[in-house]
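Me: I'm new to reading protein structures, and I would like a close look at one part of this one. Could you take me through the patch of charge on its surface, and then show me what surrounds that part?

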Amino acid sequence: MATKIRLARGGSNKRPFYAIVISDSRMPRDGRFLEKVGTYNPLLAKDSEERVKMDLERVQFWLDRGAQPTDRVLRFLETAGLRTKSERSNPNKAQPGKKAVERAKQRAEKAAAGAEE
């Protein structure tokens, strides 16, 4: 069975609250899971102790048995020190979109025309 460590959403509209769960990868996001190993409350401040709570021993148990964490859970594990921080490669993230490039070009042309007069 391919197991995943992932988030299961709870909470009401506009008030998200997530459970960190171990589940079969074929199950739906909020569906059946094997074990709940923690919680994540994104509404709390980033430096709050209550924002992410995990039972690190159980998480390590499942990691040793081949459970694959999702990207978000992997970041939590990096912060907790269970995984080493990996280099994320997204070269297009820092580049502006087409419209932003066009607007910047138009501003530069206007500035150049204004400087000539």
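Reply: Let's begin with the patch itself. In this predicted model, a patch of positive charge on the surface brings together Lys 46, Arg 72, Arg 75, Lys 85 and Lys 93. Take Arg 72 as your landmark. Arg 72 belongs to helix α2, which covers residues 71–80. How exposed is Arg 72? Its relative accessible area is 42%, so Arg 72 counts as partly exposed. To join a patch, a residue needs over 30% relative accessible area and no salt bridge.

That second condition makes the salt bridges worth a visit. How many salt bridges does the structure hold? There are four, and we can look at some of them here.

Start with Arg 26, whose side chain meets that of Asp 24 in a salt bridge of 2.7 Å, N to O. The two partners sit in contrasting surroundings: Arg 26 is exposed, with a relative accessible area of 66%, whereas Asp 24 has 7% relative accessibility and counts as buried. The cut-offs behind those words are under 20% for buried and over 50% for exposed.

Next come Arg 29 and Asp 30, which form a salt bridge with their closest N and O atoms 2.9 Å apart. Here Arg 29 is partly exposed, at a relative accessible area of 48%, and Asp 30 is partly exposed too, at 42%.

Another salt bridge pairs Arg 58 with Glu 35, and the closest N and O atoms are 2.8 Å apart. This pair links distant parts of the chain, 23 residues apart: Arg 58 is in helix α1 (residues 56–64), while Glu 35 is in strand β3. Arg 58 is partly exposed at 28% relative accessibility, and Glu 35 counts as buried at 18%.

While you are at helix α1, find Trp 62, which is in that helix. Is Trp 62 buried or exposed? With a relative accessible area of 15%, Trp 62 is buried. Its C-alpha atom is 8.5 Å from that of Thr 3, although the two residues are 59 apart along the chain.

Now let's turn to the sheet. It is an open sheet of five strands, in the order β4-β3-β2-β1-β5, and its pairing is mixed. Which strands stand at the edges? They are β4 (52–54) and β5, each with a single partner strand, so one side of each has no neighbour in the sheet.

We can walk across the sheet from β4. Strands β3 and β4 pair in the antiparallel sense over three bridges, and Thr 39 stands opposite Lys 53 of β4. Thr 39 helps with the next step as well, since it is the bridge partner in β3 of Ala 19. Strand β2 and strand β3 (residues 35–40) run antiparallel and are joined by five bridges.

Strand β2 (residues 15–24) deserves a pause. Eight of its 10 residues are buried, so β2 is largely enclosed by the rest of the structure. As a general point, side chains in a regular strand alternate between the two faces of the sheet.

From β2 we reach strand β1 (residues 3–12): 10 bridges join these two strands, which run antiparallel. One example is Gly 11, whose bridge partner in β2 is Pro 16. The hairpin of β1 and β2 has two residues between the strands, and Lys 14 takes a positive phi near 65° there.

Finally, β1 is joined to strand β5 (residues 68–69) by two bridges, and these strands run parallel. Look for Lys 4, which stands opposite Gln 68 in β5.

To return to where you began, the patch of positive charge includes Arg 72, and that residue lies in helix α2, residues 71–80. Rotate the view from there to the sheet, and follow its strand order β4-β3-β2-β1-β5 once more.

How values were computed
Residues numbered from 1 in each chain as written. Predicted model: local features only at pLDDT ≥ 70, side-chain atom pairs only at ≥ 80, totals over all residues. Heavy atoms only, no water. Patch = residues over 30% accessible without salt bridge, like charges linked within 9 Å, V, L, I, M, F, W, Y side chains within 5 Å. Areas by Shrake-Rupley, 256 points an atom, 1.4 Å probe, with all protein chains shown as cover. Lys, Arg positive; Asp, Glu negative; His and termini not counted. Charge placed at Lys NZ, Arg CZ, Asp CG, Glu CD. Helix = DSSP H or I, 4+ residues; strand = E, 2+ residues; numbered from the N terminus. Buried < 20%, exposed > 50% of the residue type's maximum accessible area, 1.4 Å probe, protein only. Pairing = 2+ DSSP bridges.
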